[in-house]
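User: Got a minute to walk me through this one? I'd like the layout before I set anything up.

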Amino acid sequence: MKGKPRTLLSQEGRAYRAQVSKLVLLARANRQLAGRVMVDVVAQAPDRRPRDLDNILKATLDALTHAGVWQDDSQIDRLLVERGAVSKPGRLLVAIHYEQE
């Protein structure tokens, strides 16, 4: 097979992308950011089991790219990830900071 390699997403991955897109629209953040951005993420796990914080980043940043928040996650100059309080059913709080050009 020639051309661009394809990434296959699981049904769960596609559902996550769709949910992120819906939340972006609800937050009225459905305009694509140009320029450099900074992203803060607070991960609130649903329970106290040990988890690696870095494992949440790829799917989250890719979903935000797919939702059109920015052209590409290479626009991120600073990425801060921290563990928050336990919160059922678990959630991510994402803040995106940018300077308008």
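What follows is a quick run through the fold, the sheet, the helix pair, the core and two local spots.

User: What kind of model is this, predicted or not?

Analyst: Predicted. Keep that in mind for everything below.

User: Fine. How many helices and strands does the protein have?

Analyst: Two helices and three strands. From the N terminus the order is α-β-α-β-β.

User: What does the C-alpha trace span along its principal axes?

Analyst: About 40 × 40 × 25 Å. The protein has 101 residues, and 20% of them count as buried.

User: And contacts in sequence terms?

Analyst: Take contacts between residues at least 6 apart in sequence. Of these, 86% join residues at least 24 apart.

User: Now the sheet. What is the strand order?

Analyst: The order is 2-1-3, in an open sheet with mixed pairing. Strand 2 (76–83) and strand 3 (91–98) are the edges. Each has a single partner strand, so one side of each has no neighbour in the sheet. From one strand to the next, the twist averages 15°.

User: In which sense do strand 1 and strand 2 pair, parallel or antiparallel?

Analyst: Parallel, over seven bridges. As a register marker, Val-37 stands opposite Ile-76 in strand 2.

User: Which strands does helix 2 touch?

Analyst: Helix 2 packs on the sheet and touches strand 2 and strand 3. The direction of helix 2 makes about 130° with that of strand 2.

User: Switching to the helix pair. How do helix 1 and helix 2 cross?

Analyst: Their axes come within 9 Å and cross at roughly 60°. Perpendicular would begin at 65 degrees. Helix 1 and helix 2 are therefore oblique to each other. The crossing is right-handed.

User: Which residues meet there?

Analyst: From helix 1, Tyr-16, Arg-17, Val-20, Ser-21 and Val-24. From helix 2, Ala-59, Thr-60, Ala-63, Leu-64 and His-66.

User: Which residues make up the largest nonpolar core?

Analyst: Twelve in all: Val-20, Val-24, Leu-33, Val-37, Val-39, Val-41, Leu-61, Ala-63, Leu-64, Val-69, Trp-70 and Ile-76. Helix 1 (11–26), strand 1 (37–44) and helix 2 (57–66) each give two or more residues to this core.

User: Pick Val-69. What is Val-69 in contact with, leaving aside neighbours within four places in sequence?

Analyst: Val-24, Arg-31, Gln-32, Leu-33, Leu-64 and Ile-96. Val-24, Leu-33 and Leu-64 also belong to the core.

User: Next, Ala-43. Buried or exposed?

Analyst: Ala-43 is buried, with a relative accessible area of 10%. The cut-off for buried is under 20%. Ala-43 sits in strand 1.

User: What does Ala-43 contact, again without neighbours within four places in sequence?

Analyst: Leu-53, Ile-56, Glu-82, Arg-83, Gly-84, Arg-91 and Leu-92. Take Arg-91 as one case. Ala-43 and Arg-91 are 48 residues apart in sequence, yet 6.2 Å apart in space, C-alpha to C-alpha.

User: Last topic: backbone geometry. Where is the cis peptide bond?

Analyst: Between Lys-88 and Pro-89, with omega of about 5°. Most peptide bonds are trans.

User: And where is Pro-89 found?

Analyst: In the loop between strand 2 and strand 3.

User: Good. That covers my list.

Definitions and conventions
Residues are numbered from 1 along each chain as its sequence is written. This is a predicted model: local features need pLDDT of at least 70, side-chain atom pairs count only at pLDDT 80 or more; totals for chains, interfaces and linings use all residues. Side-chain values use heavy atoms; hydrogens and water are left out. A nonpolar core is a set of buried Ala, Val, Leu, Ile, Met, Phe, Trp, Tyr and Cys residues joined through side-chain atoms within 4.5 Å. Buried means under 20% relative accessible area, exposed over 50%, partly exposed in between (1.4 Å probe, protein chains only). Helices (H or I, at least four residues) and strands (E, at least two) are DSSP runs, numbered from the N terminus. Contact means heavy atoms within 4.5 Å. Two strands pair if DSSP finds at least two bridges between them. Axes are lines fitted to C-alpha atoms, for helices over the stretch in contact, and angles run from 0 to 180 degrees between N-to-C directions. Angles under 35 degrees count as roughly parallel, over 145 as roughly antiparallel, 65 to 115 as roughly perpendicular and the rest as oblique. A crossing is left-handed if the near helix is turned anticlockwise from the far one by less than a right angle, and right-handed if clockwise.
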